[in-house]
Amino acid sequence: QASRHPLKKPETGRYHLVRYIRSKLQLNIFGELFAMPPDLQYQYVVATVDVKKQTLKVCLAQKQVAAYEYPLR
């Protein structure tokens, strides 16, 4: 029987997520909602979670358009 060890939380690295911003102007990252600027409505954005810095950056066409603190649990 295989032992079941929980995965350790990452301490470094980045996660890149592509998300579509709908009319509610909300970015959903793993169930957490972030308000987006109106000019992002109906656009695809790239959201990057930086694990070490615990930040979330949102980019449109490789230009940063928003940034948030993103404390990891």
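Two residues are in contact here when they have heavy atoms within 4.5 Å of each other. Keep that in mind as you move through this predicted model.

**Stop one: the sheet.** Switch to a cartoon view and select strands 1, 4, 5 and 6. These 4 strands form an open sheet in the order 1-4-5-6, with antiparallel pairing. Strand 1 (14-21) and strand 6 stand at the edges with a single partner strand each, so one side of each is left without a neighbour in the sheet. From one strand to the next, the twist averages 25°.

**Stop two: strands 1 and 4.** Now show just this antiparallel pair, which is joined by 8 bridges. Select Y20 and look across to strand 4: the residue opposite is Y44.

**Stop three: T48.** Stay in strand 4, which covers residues 43-50, and pick T48. Is T48 buried or exposed? Its relative accessible area is 13%, and because the cut-off for buried is under 20%, T48 counts as buried. Show side chains next: those of T48 and H16 make a polar contact at 2.9 Å. Leaving out residues up to four places away in sequence, T48 touches R14, Y15, H16, T55, L56 and K57.

**Stop four: Y70.** Follow the chain past strand 6 (63-69) to the segment after it, where you will find Y70. This residue is buried too, at 6% relative accessibility. Beyond its neighbours within four places in sequence, Y70 is in contact with I29, F30, E32, F34, V49, Q54, T55 and L56. To finish, draw a distance from the C-alpha atom of Y70 to that of Q43: the two are 27 residues apart along the chain and separated by 22 Å.

Terms used:
Residues are numbered from 1 along each chain as its sequence is written. This is a predicted model: local features need pLDDT of at least 70, side-chain atom pairs count only at pLDDT 80 or more; totals for chains, interfaces and linings use all residues. Side-chain values use heavy atoms; hydrogens and water are left out. Helices (H or I, at least four residues) and strands (E, at least two) are DSSP runs, numbered from the N terminus. Buried means under 20% relative accessible area, exposed over 50%, partly exposed in between (1.4 Å probe, protein chains only). A polar contact is a pair of N or O atoms within 3.5 Å; within protein, one must be able to donate a hydrogen and the other to accept it, and residues adjacent in sequence count only if both atoms are side-chain atoms. Two strands pair if DSSP finds at least two bridges between them. Axes are lines fitted to C-alpha atoms, for helices over the stretch in contact, and angles run from 0 to 180 degrees between N-to-C directions.
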